Amino acid sequence: MKALLFACMSALAAAPSDAADTVTIAAGVNLIPGTFVPGRQPDGNSVVFRTAEGLVVFDTGRHTEHTQKILDYAKDAGLPIKAVINSHWHLDHVGGNPRIREAYPDVRVYASMAIAGAMGGFLANYRKQLVEAIAQTKGEKTAQSYRDEIAIIDAGHALYPDEVVAKSGTRRIAGRDFELHLQARAVTEGDVWLYDPATRTLVAGDLVTLPVPLFDTACPARWQSALADLDRVQFKTLVPGHGAPMQRTQFAVYRHAYANLLACAATDKDKNACIDGWLADAKPLLADADTAFVRMLAGYYIDNSLRAPKAKIDQLCNADTGQTKH
Ligand SMILES: [Zn+2]
């Protein structure tokens, strides 16, 4: 997320683009697309499942506008939001939790407990950066966007799960069976992904992201093995944390491009060669992407994640605070 703050500060003039309308993934399964554009912090994708009892929402976005789309969807459907499932604690996925709790006080939130470790570490540091950035910025709009970030962090336990996902298995949520899978130390210390056998929909969270893998808090090698786990599921459609839904052939392209990016970064090849490789390998998935933005993000992650000092990578790959081992 440090990178996302960096991305935010480096291109402040750009305006947010309108997200596409709700996309139908399968019967009773709809995607509310997030946005990820230069100059603005991203919102993760949200997926809404209709059940006999109401709605189950996977990830709640960051900005008010995104969460409002979820609330509007529920209002239009005339159905209550019974449950929220958070893929991980990044603010573009849990940021809408407090607003949904406010509108639906009985909602149950499902997630791993990795957010507890993040609150004392990554998010505490990020909050400090934001306070410093507010003191330095002259733009009121920018300062407000930083204050909004702080407000999400300060929501504290409203972001936390009510139902801890401590292991993989089938959970009956709002009268419907979902497979919830827990992946340890891939994108974060505890990532949850969902498989809906009834519609063969896999909702991957940030285990799949476009226009590049977002490595901020990731263990790159464990993430790669998580992609192999996803590939073993007989899904029809995979919804990434950022980017458009994928069919199996597109996911294969992503996996191949991811593997090549890690392999290239592990050599002493020039960074630009690895960025070119990503652009070429992932080309079928990047039709709508802003190439300069992709280059900036990929370069940032090669420098700060894939080629980070070994101690930093080891810490992300081996961190064990017991949060995911209940
Ligand atoms: Zn995200």
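Why does the arrangement of the four donor atoms around the zinc ion count as irregular? This is a predicted model, in which local features need pLDDT of at least 70 and side-chain atom pairs count only at pLDDT 80 or more, while totals for chains, interfaces and linings use all residues. Residues are numbered from 1 along each chain as its sequence is written, and side-chain values use heavy atoms, with hydrogens and water left out.

The zinc ion is coordinated at 2.1 to 2.2 Å by Asp92 (OD), His93 (NE2), Asp206 (OD) and His242 (NE2), where donors are N, O and S atoms within 2.8 Å of the metal (3.2 Å for Na, K and Ca) and, as water is not among the atoms, sites may look incomplete. Along the chain these donors follow the spacing D-H-x112-D-x35-H. The arrangement is irregular because the angles subtended by the four donor atoms run from 84 to 161 degrees, whereas four donors count as tetrahedral if all angles lie between 85 and 135 degrees, and as square planar if opposite donors are over 155 degrees apart and all others between 65 and 115; six count as octahedral by that latter rule, and anything else is irregular. Both Asp92 and His93 are buried, a term that means under 20% relative accessible area, with exposed over 50% and partly exposed in between (1.4 Å probe, protein chains only).

Leu194 also counts as buried, because its relative accessibility is 0%. Leu194 lies in strand β10 (residues 190-196), strands being DSSP runs of E with at least two residues and helices runs of H or I with at least four, numbered from the N terminus. Not counting residues up to four places away in sequence, Leu194 touches Phe49, Phe58, Ile85, Phe178, Glu179, Leu180, Thr201, Leu202 and Val203, contact meaning heavy atoms within 4.5 Å.
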